[in-house]
Amino acid sequence: MIQPIYLYGSEVLREKAVEADLSKKEELTALIADLKDTLQRSEGCGLAAPQIGVSLRVLIVDGDEMQDVYPYLKGFKRTIINPELLEESAEQCEYEEGCLSVPGVYCSVRRPCSIRLRYRGEDFEEHVETFDKFAARMIQHEMSHLDGVLFTDLVAPIRRKMIAKKLVNISHGKVATRYNSKIK
Ligand code: NI
């Protein structure tokens with residue numbers, strides 16, 4: 001089911017999400033279906049459970065929306081439950097990020113270029129996988145959500161000053177979204 005997306009200023013976006021209980025397969029399957037429906041409707045490339053008000057360590061990414069810019073992302077989709085960061089590259093890369101919870105704001109952010117994760121997939125099985133380029137970026141952005149961190153926290157201070165007013169406006173509900181959204 002399509003769920004409203006919580007916007008900047010919502011408390012749930014600042015909470016540290018808790019590990020998903022893998023024995024609750026039905027609940028998790030329903031959550032993943034909601035994430036997929038909501039992401040598809042909003043035409044984003046990733047969504048974390050806290051963005052639909054569920055403070056669990058679950059996220060999805062879907063590269064299809066980005067394939068015009070990054071053709072190698074075509075067909076790249078992952079469901080990631082309880083990710084554990086095993087390694088990250090010392091080398092950092094800069095990409096422009098945006099977020100469905102922070103509409104209309106795009107900023108360059110530096111993060112490790114590649115990461116290695118252990119996680120449970122949609123099949124609830126354990127996977128260990130290395131991600132790089134924009135795939136690593138999408139996943140790191142969503143993993144930040146699980147720790148209550150938004151990409152706007154990570155931008156250079158001077159840039160943060162420039163977007164401060166926009167962020168205040170969003171948190172006051174002065175923003176239009178193409179998708180159903182809420183602030184709480
Ligand atoms: Ni986001």
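**The nickel site**

Select the nickel ion and the residues around it: Cys 99 through SG, His 141 through NE2 and His 145 through NE2 coordinate the ion, at 2.1 to 2.2 Å. The model is a predicted one, so read this site as part of a prediction. Along the sequence, the donor residues follow the spacing C-x41-H-x3-H. Cys 99 sits in the loop between β5 and β6 while His 145 belongs to helix α2, so this pair ties together parts of the chain that are 46 residues apart in sequence.

Are Cys 99 and His 145 buried or exposed? Both are buried. For Cys 99 the relative accessibility is 11%, which is why it counts as buried; the cut-off for that label is under 20%.

**Helix α2**

Now select residues 133-146, which make up α2. Measure between the end C-alpha atoms in the viewer: they are 21 Å apart, and the 14 residues of α2 should span 20 Å at 1.5 Å a residue, which agrees. Colour the helix by accessibility next. Of its 14 residues, 13 are buried, so α2 is largely enclosed by the rest of the structure.

Lys 133 is the next residue to pick, and it is found in helix α2. Its phi is positive, about 45°, although Lys 133 is not a glycine. With a relative accessible area of 41%, Lys 133 is partly exposed. After α2 comes Gly 148, where phi is again positive, near 75°.

**The nonpolar cores**

Stay with α2 and show the nonpolar side chains around it. The largest nonpolar core has 23 residues, and those touching the most other members are Leu 59, Leu 73, Phe 76, Leu 117, Phe 131, Phe 134 and Ile 139. Two or more residues of this core come from each of β3 (58-62), β5, β7 and α2. Which element gives the largest share of this core? It is α2, with seven residues.

Centre the view on Phe 134. Setting aside residues up to four places away in sequence, Phe 134 touches Cys 45, Met 66, Tyr 70, Tyr 72, Leu 73, Tyr 95 and Glu 96. Another core lies apart from the largest one; it has 17 residues, among them Leu 28, Ile 32, Leu 47 and Ile 52.

**The cysteines**

Display the sulfur atoms next. How many disulfides does the structure hold? There is one, formed by Cys 93 and Cys 113, with their sulfur atoms 2.0 Å apart. Turn the view to look along the S-S bond of Cys 93 and Cys 113: the torsion about it is about 105°, so the disulfide is right-handed. The bond links distant parts of the chain, 20 residues apart, with Cys 93 in strand β5 (residues 92-97) and Cys 113 in the loop between β6 (107-112) and β7 (115-120). Both Cys 93 and Cys 113 are buried.

Then pick Cys 107. Why is its sulfur not bonded to the closest cysteine sulfur? That closest sulfur is in Cys 99 and lies 11 Å from the sulfur of Cys 107, too far for a bond. Cys 107 has a relative accessibility of 0%, so it counts as buried.

**Strand β4**

Move to residues 77-88, strand β4, and select Thr 79 within it. At 7% relative accessibility, Thr 79 counts as buried. Its side chain makes a polar contact of 3.4 Å with the side chain of Glu 122. Glu 122 is also one of the residues in contact with Thr 79 once neighbours within four places in sequence are left aside; the others are Ile 32, Lys 36, Leu 59, Ile 60, Tyr 119, Arg 120 and Gly 121.

Step along the strand to Asn 82, which also lies in β4. Asn 82 counts as buried, at 11% relative accessibility. Not counting residues up to four places away in sequence, Asn 82 touches Glu 19, Ala 20, Leu 22, Arg 57, Arg 118 and Tyr 119.

**Last stop: Phe 124**

Finish with Phe 124, in the loop between β7 and β8 (126-131). Check its backbone: phi is positive, about 65°, although Phe 124 is not a glycine. Its relative accessibility is 11%, so Phe 124 counts as buried.

Conventions
Residues are numbered from 1 along each chain as its sequence is written. This is a predicted model: local features need pLDDT of at least 70, side-chain atom pairs count only at pLDDT 80 or more; totals for chains, interfaces and linings use all residues. Side-chain values use heavy atoms; hydrogens and water are left out. A disulfide is a pair of cysteine sulfur atoms within 2.5 Å. Helices (H or I, at least four residues) and strands (E, at least two) are DSSP runs, numbered from the N terminus. Buried means under 20% relative accessible area, exposed over 50%, partly exposed in between (1.4 Å probe, protein chains only). A nonpolar core is a set of buried Ala, Val, Leu, Ile, Met, Phe, Trp, Tyr and Cys residues joined through side-chain atoms within 4.5 Å. Contact means heavy atoms within 4.5 Å. Donors are N, O and S atoms within 2.8 Å of the metal (3.2 Å for Na, K and Ca); water is not among the atoms, so sites may look incomplete. The expected span of a helix is 1.5 Å times one less than its number of residues. A polar contact is a pair of N or O atoms within 3.5 Å; within protein, one must be able to donate a hydrogen and the other to accept it, and residues adjacent in sequence count only if both atoms are side-chain atoms.
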